[in-house]
Each structure stands twice: as C-alpha cells, then as structure tokens.
Amino acid sequence: MTHDRVLAPHRRTRDGTGFWLIGAVFAVSMAFSTVPAPLYPIYQREDGFTSFTVTVIFAVYAVGVVTSLLLAGHLSDWAGRKRVLLPALALEALAAVLFLAWPALPGLIIARFLTGLGVGMITATATAYLLELHAADRPDAGRGRFEVVSAAANLGGLGAGTLIAGALAQFVAAPLRTPYVVFLVLLALSAVAVVAAPETVVAPDSPPRYRPQRIRVASNDRSGYAVATASAFTAFAVFGLFTSLAPSFVAGALHHPSRLLAGSLAFLVFGAAAFTQALSGPLTGRQRFTAGLIAQASGLIVLAFGMRFTSLALFLAGGAVAGAGAGVLFKSGVGAVAQMAPADERGEALAGLFLIAYLGLIGPALGLGIATRYLPATTAMLWFSGSLLAALGAIALTDRANRS
C-alpha cells in the first residue's frame, strides 16, 4: 500500500518522554502475552489438561497473532499509531477479564486468541512508533537506542511476563487470578501512557482503501530468502517450546514443580535472546548468521543432555544458549530480508518472514503436543531437539550452496 505519511511536529521533550512511554507499553503488552506459560502446570493439575491441550491453547494464540498481522498490523501507517495501539490494548484487557471470569478450557482458548490479536496489532505498530519517536527526539543520532529498547521491550517483555506471573503464583494467593489482576491494572496504565504520548502519524484526509497485508517472497534472492525464513522458523520454534510445554516438562519429568522456576524458564531464554541481539549490533550479517546458528545448535545439544540425564542445570544452560542463538539468528534473518528485498517490496517481504516465523511457534509445538500423547515426554522432547538440529544443518548446507 502506498500513501503519504506525514510525521506530526512535536517538541523533543515530548518525543523523548513518549519514546520511553511507548517502550514501557510495548514491554507490558508483550509480557501479558506470556503470563499463562508458568501457570499451565496448575491448569493441568486442577482441570486435568493434557500436554496436547496446552499446545492447542498456545497454538490458538499464535493463530491470533498471524491473523492480526495480516489483517491489521499495517493499519497504523495511515490510521495513526495511537488509534491502533488503544484497541489492541483493549483486546488484551478483555482477554485478562476472560482469564479471570472464565477459567475453563473454552474461556482460555478465546482469551488466548484475543491476546494474539492484540499482540499482532501491537508488535508492528509499537516498533514503528518507537523508531519515529526516537528519530524525532534524536534526529542526528543512529538507531542504537531504538534497537536496544525495542529488543528489550519485545523479547525482554516476553520473558518478564513469565517471571512476574511465576513469582506471583509462587508467593501470592490465588495463583490463577492474581497475575491477571496485576496485568489488568498495568494494561489500564498503558492505555493512559498511549494517550499521553505524541502521535507521529497524521491520518490522510482520504484514507486508502483497506486490504490485508500482502505477503511477498524477496525475488532478488529466493535461496537467500528461504535461508532467512527457515532461520526465523527454527528460532521461533525454540521460543514456542519454552512458552508452551517446557514448564510442564520441568515440573513433571525433571521433578521441579516450583512456579517461580516455571516462570524463570522463558525469562532466561527470552532474556538471553534480547541480550545477545543487543550485543550483536557491531557484527556483520554473515557473522550474526554463523554465530546464531552455532549457538542455537550448541544449546539444543546441551538441552538434550539435560533431558536425557534429568539435569535441571543442563536444561537451563541449554535453554539459555539456544535462546541466545535464536535471538541472533532471527535478527540476522530480518536484516538479510531487509537488505535483499527491493525498497518497494520490503514490508511485504518482511511480512512473509514474520508469517513463517509464527508458523514456527505453531507447528513444532503442536507436533510436540501430539507426540506426548503416544510417547514419554522426554522421548518427545528429544525428538523435537533432534528435528531442530537437523533443520539447522539443512539451513547451513543451503546457505553454503547458495554462496558457492
């Protein structure tokens, strides 16, 4: 979609304050999306959910994200950032109310789908909003601050949600209610922050005709695009594991039922991903790709040893290394697509990358959930790790063939 976008003039003090406000909103909204992760073992114990049911609930969230990215992720380019963020926060708040009022399986599924819809609207909008506020506040500076804050808000927020929910479930009464009450308050404060922040987009007098976000393969280098999207797929498969079945696996197969520990798992993985993304700024795209590939593969091997020998320390170490590699590998994929796609096709090519990445959240987690119905959890998890290692090997071979 082509349209004229005009940045509204604002004083730098407002833009600087707005930058941090939107960064906080971004972090809160992403954190809310992972609140249920450390609570799944409690749902399983109280309501008799199977591992497959947990993966279905998780997959519904990812379907909501993909649906929202395709239908509404691009609307803020002409409607305005605030006009998209406020309804998205309202969807997340409605999901929180559903978690509180209808904790049965149908309520959980609807609440997770609504959460996904909100996250899909927020991810692209908040990222663009942060970039514009950063540029308005520091017009002569590079993008370093924006990249660090956006990564911390996105991946760091995802990890923080599980840590906060796990801590509340461990130390505060009503573990299936208190986390949602806390985040309902934070989401309300986030809406106030969005209202207070300056808008960076002036809506045109004649809005363009609506159409869903287009998906396009970067035509300049189809093999390179395949490598980049496959990298994103495997990176998100790691993230999906630690926000779906990993807490239940640690509580059951590894015999560590602590709710705080369950919340710390995803925080460790996402925190490592955000940290290494920030550190990888000086690296070239090729160096990021190689480092991410090696780190994720190494982490999966250590993770497998932790599962095989029921070692929590190895499991945590493997998760941290795999998460660090996944973060860098995903960043290299985004950078590669942004570089190889023509300027007028870049947004659509990146949309394709994100779509395949979120399929990495859905497919492997669902497959793992199905496998646990017929195999011991440890066996299924080992096959999952082996499959991802094989995929990483195929990516490396394809990339080598593409460069030779």
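Here are some short questions and answers about a predicted model.

Q: Why are helices α7 and α11 called roughly antiparallel?
A: Start with the angle: α7 (residues 144–171) and α11 (residues 259–279) pack at about 170°. Angles over 145 degrees count as roughly antiparallel, and therefore α7 and α11 get that name. Their axes lie 7 Å apart.

Q: What makes up the contact of α7 with α11, by class?
A: The contact has 16 nonpolar residues, eight polar ones and one charged one.

Q: Why does D399 count as buried?
A: Buried means under 20% relative accessible area. D399 has 8%, so D399 is buried.

Q: How do you know that R286 and D399 form a salt bridge?
A: Look at the distance between the side chains. A salt bridge needs a Lys or Arg side-chain nitrogen within 4 Å of a carboxyl oxygen of Asp or Glu. For R286 and D399, the closest N and O atoms are 2.7 Å apart, so the pair fits the definition.

Q: What does the pair R286 and D399 tie together?
A: R286 lies in helix α12 and D399 in helix α15 (residues 377–403), so this pair links parts that are 113 residues apart in sequence.

Q: Which residue does D399 meet in a salt bridge at 3.1 Å, N to O?
A: That residue is R403. Both D399 and R403 sit in helix α15, four residues apart, so about one helical turn separates them.

Q: Why is R403 called exposed, while R286 is called partly exposed?
A: Exposed means over 50% relative accessible area, and partly exposed covers the range between 20% and 50%. R403 has 53%, so R403 counts as exposed. R286 has 35%, so R286 counts as partly exposed.

Q: What makes D137 buried and R138 partly exposed?
A: The same kind of check works here. D137 has 15% relative accessibility, which means it counts as buried. R138 has 40%, so R138 is partly exposed. These two residues also form a salt bridge, with the closest N and O atoms 4.0 Å apart.

Q: How many salt bridges does a search of the whole structure find?
A: The search finds six. Salt bridges with shared partners also join D77, R81 and E132 into one network.

Q: What makes F305 fit into a surface patch?
A: A patch residue needs over 30% relative accessible area. F305, found in helix α12 (residues 285–308), has 45% and so counts as partly exposed. Together with I301, F309 and L314, F305 forms a nonpolar patch with about 380 Å² of accessible area.

How values were computed. Residues are numbered from 1 along each chain as its sequence is written. This is a predicted model: local features need pLDDT of at least 70, side-chain atom pairs count only at pLDDT 80 or more; totals for chains, interfaces and linings use all residues. Side-chain values use heavy atoms; hydrogens and water are left out. Axes are lines fitted to C-alpha atoms, for helices over the stretch in contact, and angles run from 0 to 180 degrees between N-to-C directions. Helices (H or I, at least four residues) and strands (E, at least two) are DSSP runs, numbered from the N terminus. Angles under 35 degrees count as roughly parallel, over 145 as roughly antiparallel, 65 to 115 as roughly perpendicular and the rest as oblique. Ala, Val, Leu, Ile, Met, Phe, Trp, Tyr, Cys and Pro count as nonpolar, Asp, Glu, Lys and Arg as charged, and the others, Gly among them, as polar. Patches are made of residues with over 30% relative accessible area and no salt bridge: like charges are joined within 9 Å, nonpolar side chains (Val, Leu, Ile, Met, Phe, Trp, Tyr) within 5 Å. Accessible areas come from the Shrake-Rupley method with a 1.4 Å probe; for residues, only the protein chains shown count as cover. Buried means under 20% relative accessible area, exposed over 50%, partly exposed in between (1.4 Å probe, protein chains only).
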